[in-house]
Amino acid sequence: MGRESLQKLWQKYKVDIAFYGHVHNYERTCPIYQNQCVRWEKKNYKGALGGTIHVVAGGAGAHLSQFSDMIPKWSIYRDYDHGFVKLTAFNHSSLLFEYMKSSDGKVYDQFTISRDYRDILACTHDSCDATTSAS
């Protein structure tokens, strides 16, 4: 419900990643706009994504939450374990995302985003163009 209500704002302000933590597990999606994957790469994103990657990083809480038996086509990686996310920004145009399990500290899911963020850094509140990259 929240994703559907906020999609236009995420597109307007060019949000690449949205994080959630209440559900106790880990899941990452492809870049989504209007409930559809707009890109199918899984590891190395270059340029504007045209959608938002959604990450549930809630594996640090109490009991873990089971996934449903149905696996949506936009789900890239799921893990039913305790873990955490590490983001490393190398400069103004490169970001490394890593999901690690708490039990061994090893990386189980990762991707990079490489893009020129000058278009976003130039935006101020309500000054971004209302059209979306996905349209």
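Here, a residue counts as buried when its relative accessible area is under 20%. By that yardstick, 37% of the 135 residues in this chain are buried. Keep in mind that you're looking at a predicted model. The chain has two helices and ten strands, and strand S9 gets most of the attention below.

**Overall layout**
- Reading from the N terminus, the order of elements is α-β-β-β-β-β-β-β-β-β-β-α, so to speak a run of strands with a helix at either end.

**Contacts and surface**
- Take the contacts in the chain with a separation of 6 or more: 58% of them link residues 24 or more positions apart.
- About 8000 Å² of the chain is exposed, and 56% of that comes from carbon and sulfur atoms.

**Strand S9 and its burial**
- S9 covers residues 94-101, and seven of its eight residues are buried, so the rest of the structure largely encloses this strand.

**S9 with S8**
- Strand S8 (residues 83-91) runs antiparallel to S9, and eight bridges join the two.
- Within this pairing, Thr-88 sits opposite Leu-96 of S9.
- The hairpin linking S8 to S9 goes through two residues.

**S9 with S10**
- S9 also pairs with strand S10 (residues 107-114), again antiparallel, by way of seven bridges.
- Met-100 has Val-107 in S10 as its bridge partner.
- Five residues lie between the strands in the S9 and S10 hairpin, where Gly-105 adopts a positive phi near 70°.

Note on methods. Residues are numbered from 1 along each chain as its sequence is written. This is a predicted model: local features need pLDDT of at least 70, side-chain atom pairs count only at pLDDT 80 or more; totals for chains, interfaces and linings use all residues. Side-chain values use heavy atoms; hydrogens and water are left out. Helices (H or I, at least four residues) and strands (E, at least two) are DSSP runs, numbered from the N terminus. Buried means under 20% relative accessible area, exposed over 50%, partly exposed in between (1.4 Å probe, protein chains only). Contact means heavy atoms within 4.5 Å. Accessible areas come from the Shrake-Rupley method with a 1.4 Å probe; for residues, only the protein chains shown count as cover. Two strands pair if DSSP finds at least two bridges between them.
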